[in-house]
Amino acid sequence: MDNPSRDGGPIPPAGSAVDLQRRPRSSVPSFLFIIFMLFMLTSHNGDEFLARHQYQDALQSLTYQLSNYTAWMNGTSSDFDVPNQSPALPPLLDAFHLKSGPLRPDLASYYSNITGFIHGDAHFYNISPTFLSANGSNAHWGKSALNYMVDTNVTEIHERVGTWNWTASQKVAFSMVEKKPLVSVEGSIVSDRVALVHGRIELTDGNTSEDLRLEFEGVHFIADGSIYGFAEPAGRHIDIRLLPSLVPESMKNETARIIEPELTARINKLKGLIDAGILDQDTSNDDPPKSTCPFTFYAQLDVIRVPEFLMQEFEEEIQKPTGIGTISSPPLTLGGLLISRECGVMYEVGNTEGLRSRTFFRKVTTYAGTAALFYLALLVLFARQTELSRTPSGISRVSRWIFLSQATIDSVSFAGHITFAILAEGRPSLSLIAPSFLACILFIYEAQFSMLVHQIQLPEDVTVPVATPAPQPIETPPAAPTTSTLTRRLSAGAQASPPPTTATTATTAATPTPPTRTTTILPIANVPQAAASPSFFVFFLQHIRSDPQARLWLILFIVLTLVVRVILSPFLTMVFVAVTHSLIWLPQIFRGARRGRSSGLSKEYILGTTACRLFFVLYFLTCPRNVLEVEPRAWTWLIAGFISLQASILLLQEVFGPSFFLPNRFVAVQGYDYHPPMPRPDSEAPEQSLGDCAICMDAIVVKSRHSRSMSADEKGGGDGGRTGKTANGLLNAMHATTAAREVYSLAPCHHLFHTECLERWLAIKNICPQCRRPLPPL
């Protein structure tokens with residue numbers, strides 16, 4: 001049986017499709033694929049190799065800089081020299097009052113450590129030589145700026161400016177980290193009156209909200225509160241050996257002494273990173289730079305009217321908390337100039353407000369704890385509400401859109417808190433995990449509950465088709481076969497049976513057969529034995545079309561993907577916040593008015609959820625000192641009032657009805673009457689029953705109007721009260737009719753129940769217990 005020729009089957013020719021399918025698949029492609037995967041897993045990544053190469057180049061460059069700088073400090077021959085400061089710069093700085101006078105330590109002082117975050121306004125000035133020659137000479141600083149820019153190459157200005165919109169940059173933010181001076185190579189202690197500062201400066205475009213990031217390296221003179229430094233676009237190296245060229249002549253020696261230990265510390269750090277294999281694969285330099293303008297920064301801290309010894313106690317308590325009482329945190333403010341001589345750009349920095357890093361981290365921790373408490377309250381309120389609405393009858397009263405909108409809000413909140421935790425450092429990042437975790441749990445539960453509500457409410461709008469009688473088949477008398485019909489029959493018979501003998505053919509032709517009803521069997525085409533399995537894409541589409549839960553998950557995934565893209569834009573973020581928070585209760589109000597039913601939401605859930613949601617909106621959009629430094633928006637109070645109005649309407653719907661706020665002509669819902677008038681049983685019948693209840697199977701007994709009226713007449717008295725008896729009889733008959741109608745309930749599917757039985761049933765399920773059709777509220 002192994003030989004196909006023995007079974008009568010044809011042997012496929014060599015090279016045919018069947019022969020190729022029977023052949024075993026070649027192992028060469030599989031072997032090459034395995035080799036490729038092993039190579040990718042064991043070989044070094046290209047980005048990692050490039051990062052290691054960059055680290056080694058940086059180490060070599062720093063080592064070369066240190067050797068030259070050490071030779072320059074010792075007075076030996078060196079390739080390095082500090083350029084002289086332009087004599088036109090001090091008058092320009094004096095024009096903006098960036099120099100402080102002497103202070104009395106017992107009355108005033110400066111911040112001794114500026115590690116923290118400072119943000120303020122930036123005023124743009126065009127100091128290019130051509131512009132100053134035409135327009136800028138009238139300003140009080142015009143001549144000083146023109147003298148400062150006299151030797152600038154105008155052609156180079158146009159090449160360096162780039163695509164950044166300098167005139168629209170109206171906000172500036174500083175992120176500073178101050179580093180105390182280290183011990184020099186010889187072991188001598190460097191002066192503690194000067195400290196190195198490194199960080200970041202960001203200019204914000206007021207039109208597009210984009211940022212131009214500048215890396216900053218500078219020095220801070222603690223005694224007089226002055227700051228000098230270089231700022232370069234991200235990716236460009238800053239040579240800290242040139243810092244002595246920015247400071248006044250009397251401060252050059254102190255500045256030069258702190259450079260050598262800093263270079264040594266950076267070299268040792270790079271060596272440790274390379275040896276440990278900790279390489280930062282930075283891909284931020286792939287985008288073209290917005291500008292290549294180098295800047296110099298000159299700033300002066302504002303005087304604090306606090307004695308110096310109190311500021312020292314305050315600083316020690318911030319660095320090493322012991323719990324002792326100190327002064328309140330004084331404001332950290334400064335004024336300065338950000339100048340790019342190579343690009344003819346100058347910004348005046350003012351109206352600043354700063355926050356120390358330690359204070360900021362405490363603020364973040366406080367916010368994280370408060371946000372975690374509010375999210376825990378939301379989670380408890382949601383759990384209590386789902387416990388109340390666990391039955392299908394309770395679920396049918398709520399709107400799935402209120403939970404879906406809140407799930408969207410919580411998903412974005414989870415992503416935001418996680419991102420904030422990644423950007424923060426130290427303990428604040430750990431504290432932010434709590435609200436992000438609770439937001440994630442709340443998002444999952446709300447999304448699952450909205451899907452459950454969707455599945456329960458799915459048959460609400462399903463219309464049951466009216467059954468129409470099928471048309472009866474019309475029997476027609478058999479018609480005489482035509483020539484074409486006979487030809488098809490003969491051809492079909494010839495294919496189905498072997499050719500008849502001559503005698504059989506003659507006998508069949510001689511014996512006529514009466515006409516009978518025949519069923520024409522159409523020839524069947526070549527149908528394959530097993531249908532081809534659908535592709536994954538076809539299977540996925542069929543599954544999405546047939547499974548409501550999968551379809552809802554897909555919609556939720558698409559919405560969240562779009563939301564992540566939307567929140568990258570500050571304007572669209574505000575639109576998202578306004579829209580999602582406006583939809584917290586509005587779908588529930590609409591559903592209640594449309595269905596003619598109350599919401600079924602508890603008062604504590606409505607009030608508690610409203611208060612918790614409003615906390616986050618009002619904190620970030622109305623508090624001027626929130627942790628994200630988001631500017632207050634005046635329209636936030638309108639959103640808060642609209643949300644409160646929704647909650648009030650939702651509570652009033654429980655008291656005055658779902659459509660109390662609509663005129664009667666706009667009330668779209670007319671509730672189904674479960675107690676329509678029905679023909680009463682015969683008064684002389686032994687059992688006054690309308691039938692059996694479809695739930696308890698007991699008889700639905702009602703009293704007749706005649707027996708009720710007779711009992712009322714007997715209580716009325718004699719003939720003198722005939723008029724009273726007539727009126728009482730009418731009222732008693734009306735009361736008897738109403739009471740009898742409350743005993744039974746007739747469903748839209750014409751199944752009869754006791755009213756009490758149906759009420760208990762609808763508390764569990766909102767479908768008919770017999771035909772399983774959805775039932776309106778009772």
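The exercises below, each with a worked solution, concern a predicted model.

**Exercise 1. Compare the span expected for helix α23 with the distance between its end C-alpha atoms, and then find which of its residues are buried and where they lie around the axis.**

Step one concerns length: α23 covers residues 636-656, which is 21 residues, and at 1.5 Å a residue it should span 30 Å. The end C-alpha atoms of α23 are 30 Å apart, so the expected span and the model agree.

Step two is to list the buried residues of α23, which are Thr636, Ile639, Ala640, Ile643, Gln646, Ala647, Leu650 and Gln653. Seen down the helix axis, these residues fall within an arc of 145 degrees, and therefore they line one face of α23. The spacing fits a general rule: an α-helix has 3.6 residues a turn, so residues three or four places apart point the same way.

Step three asks what lies on either side. The buried residues of α23 pack against α20 (570-582), α21 (586-595) and α22 (603-622), whereas Trp637, Leu638, Val655 and Phe656 are exposed on the other side of the helix. After α23 comes Gly657, with a positive phi near 110 degrees.

**Exercise 2. Treat helix α26 in the same manner, and decide how its buried residues are arranged around the axis.**

In α26, which runs over residues 755-762, the buried residues are Thr755, Cys757, Leu758 and Leu762. Viewed along the axis of α26, they fall within an arc of 160 degrees, so they too line one face of their helix. Glu756 and Arg760, on the other side of α26, are exposed.

**Exercise 3. Classify the ring pair of Tyr69 and Trp72 and that of Tyr367 and Phe620 as stacked, tilted or edge-to-face.**

The model has 30 aromatic pairs in its count. For Tyr69 and Trp72, the centres are 5.6 Å apart and the planes meet at 40 degrees, which makes the pair tilted. Both residues belong to helix α3 (residues 46-74), where they are three residues apart, about one turn of the helix. Tyr69 counts as buried because its relative accessibility is 0%, while Trp72, at 26%, counts as partly exposed.

For Tyr367 and Phe620, the ring centres lie 5.5 Å apart with the planes at 75 degrees, so this pair is edge-to-face. The pair links distant parts of the chain, since Tyr367 is in helix α11 (residues 357-388) and Phe620 is in helix α22, 253 residues apart. Tyr367 and Phe620 are both buried, and they belong to one aromatic cluster together with Phe374, Tyr375, Phe615, Phe616 and Tyr619.

**Exercise 4. Describe the largest nonpolar core, saying which residues have the most contacts inside it and which elements supply it.**

The largest nonpolar core has 44 residues, and those with the most contacts inside it are Phe96, Ile127, Trp141, Val219, Ile339 and Met346. Elements that each supply at least two residues include the helices α3, α4 (89-95), α6 (142-148) and α9 (259-276), as well as the strands β3 (194-205), β4 (211-221), β5 (226-233) and β7 (334-340). Leaving aside neighbours within four places in sequence, Val219 is in contact with residues including Val194, Leu196, Ile227, Tyr228, Leu243 and Ile258. A second, separate core has 42 residues, among them Ala421, Phe449, Cys612 and Ile643.

**Exercise 5. Decide whether Ser128 is buried or exposed, and find its contacts beyond its neighbours within four places in sequence.**

Ser128 is located in the loop between β1 (116-126) and α5 (129-134). With a relative accessibility of 10%, Ser128 counts as buried. Apart from neighbours within four places in sequence, Ser128 is in contact with Met149, Ile157 and Gly344.

Methods:
Residues are numbered from 1 along each chain as its sequence is written. This is a predicted model: local features need pLDDT of at least 70, side-chain atom pairs count only at pLDDT 80 or more; totals for chains, interfaces and linings use all residues. Side-chain values use heavy atoms; hydrogens and water are left out. Helices (H or I, at least four residues) and strands (E, at least two) are DSSP runs, numbered from the N terminus. The expected span of a helix is 1.5 Å times one less than its number of residues. Buried means under 20% relative accessible area, exposed over 50%, partly exposed in between (1.4 Å probe, protein chains only). The arc is that of the directions from the helix axis to the C-beta atoms. Contact means heavy atoms within 4.5 Å. Rings of Phe, Tyr and Trp (its six-membered ring) pair if their centres lie within 6.5 Å; planes under 30 degrees apart count as stacked, over 60 as edge-to-face and the rest as tilted. A nonpolar core is a set of buried Ala, Val, Leu, Ile, Met, Phe, Trp, Tyr and Cys residues joined through side-chain atoms within 4.5 Å.
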